[in-house]
Amino acid sequence: MDSNAYHLFACTGTTCEHQGAEEILQTLQAELQHHGLSKKVRVTLCRCLGQCGNGPNMVIYPEGIWYGGLGEKEMKQIVLEHLVGGKAVQHLIQIPVD
Ligand code: FES
């Protein structure tokens, strides 16, 4: 995997914070470290992504895949299957609402 092969935008807006964004960010950082991805995955915290109804939300590039309704279990699955294994976790993908 190339340096910064993935770029994650994780919402820390007010609604996502109320839905547990801080806790899943801690899980994300721990899992990235556990899998040796800390320097290969860039994580950018952002404010509201406009999808508050199904937070906490995160978008992963280069694919531009939106994940929502995240908890600790879901975050571990995304790190293992998407960031390590290279396959998006289909059942966690959210289609952004305009
Ligand atoms: S606060 Fe996260 S999508 Fe709005």
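This is a short dialogue on reading the sheet, helices and loops of a predicted model.

Student: Before we start, what should I keep in mind about the model and its numbering?

Tutor: The model is predicted, so local features need pLDDT of at least 70 and side-chain atom pairs count only at pLDDT 80 or more, while totals for chains, interfaces and linings use all residues. Residues are numbered from 1 along each chain as its sequence is written. Helices (H or I, at least four residues) and strands (E, at least two) are DSSP runs, numbered from the N terminus.

Student: Let's begin with the sheet. What is the order of its strands?

Tutor: Strands of a sheet pair through backbone hydrogen bonds, either parallel or antiparallel. Two strands are taken to pair if DSSP finds at least two bridges between them. Here, an open sheet of 4 strands has the order 2-1-3-4, and the pairing is mixed. Strand 2 and strand 4 are the edge strands, each pairing on one side only. From one strand to the next, the twist averages 20°.

Student: Do strand 1 and strand 2 run parallel or antiparallel, and how many bridges join them?

Tutor: They run parallel, joined by 6 bridges. To find the register, look for Tyr 6, whose bridge partner in strand 2 is Val 41, and for His 7, which stands opposite Arg 42.

Student: And which way does strand 3 run against strand 1?

Tutor: Strand 1 and strand 3 run antiparallel, with 4 bridges between them. Leu 8 has Ile 60 as its bridge partner in strand 3, and Ala 10 has Met 58.

Student: What joins strand 3 to strand 4?

Tutor: These two strands form a hairpin with 3 residues between them. Their pairing is antiparallel, over 3 bridges, and Ile 60 stands opposite Ile 65 in strand 4. In the turn, Gly 64 has a positive phi of about 70°.

Student: How do I judge whether a strand residue such as Ala 10 is buried or exposed?

Tutor: Count neighbours: a residue is buried if 20 or more other C-beta atoms lie within 10 Å of its own, exposed if 12 or fewer, and partly exposed in between, with C-beta atoms placed from the backbone. Ala 10, in strand 1, is buried because 22 other C-beta atoms lie within 10 Å. For contacts, the test is that two residues have their C-beta atoms, placed from the backbone, within 7 Å. Leaving aside neighbours within four places in sequence, Ala 10 is in contact with Leu 25, Val 43, Leu 45, Cys 46 and Met 58. The C-alpha atoms of Ala 10 and Met 58 are separated by 4.4 Å, although the two are 48 residues apart along the chain.

Student: Now the helices. Which residues of helix 3 are buried?

Tutor: An α-helix has 3.6 residues a turn, so residues three or four places apart point the same way. In helix 3, the buried residues are Met 75, Ile 78, Val 79, His 82 and Leu 83. Their cover includes helix 2 (21–34), strand 1 (6–11), strand 2 (41–46), strand 3 (58–61) and strand 4 (65–67).

Student: How do helix 2 and helix 3 pack together?

Tutor: For helices, axes are lines fitted to C-alpha atoms over the stretch in contact, and angles run from 0 to 180 degrees between N-to-C directions. Helix 2 and helix 3 pack at about 30°, with their axes 9 Å apart. They are therefore roughly parallel to each other (angles under 35 degrees count as roughly parallel, over 145 as roughly antiparallel, 65 to 115 as roughly perpendicular and the rest as oblique). Glu 23, Ile 24, Thr 27, Leu 28, Glu 31 and Leu 32 in helix 2 meet Glu 72, Met 75, Lys 76 and Val 79 in helix 3.

Student: Where should I look for less common backbone geometry?

Tutor: Most residues other than glycine have a negative phi, and most peptide bonds are trans. In this model, the peptide bond from Gly 55 to Pro 56 is cis, with omega near -10°, and Pro 56 is in the loop between strand 2 and strand 3. The bond from Tyr 61 to Pro 62 is also cis, with omega near 25°; Pro 62 lies in the loop between strand 3 and strand 4. Just after helix 3, Gly 86 takes a positive phi of about 80°.
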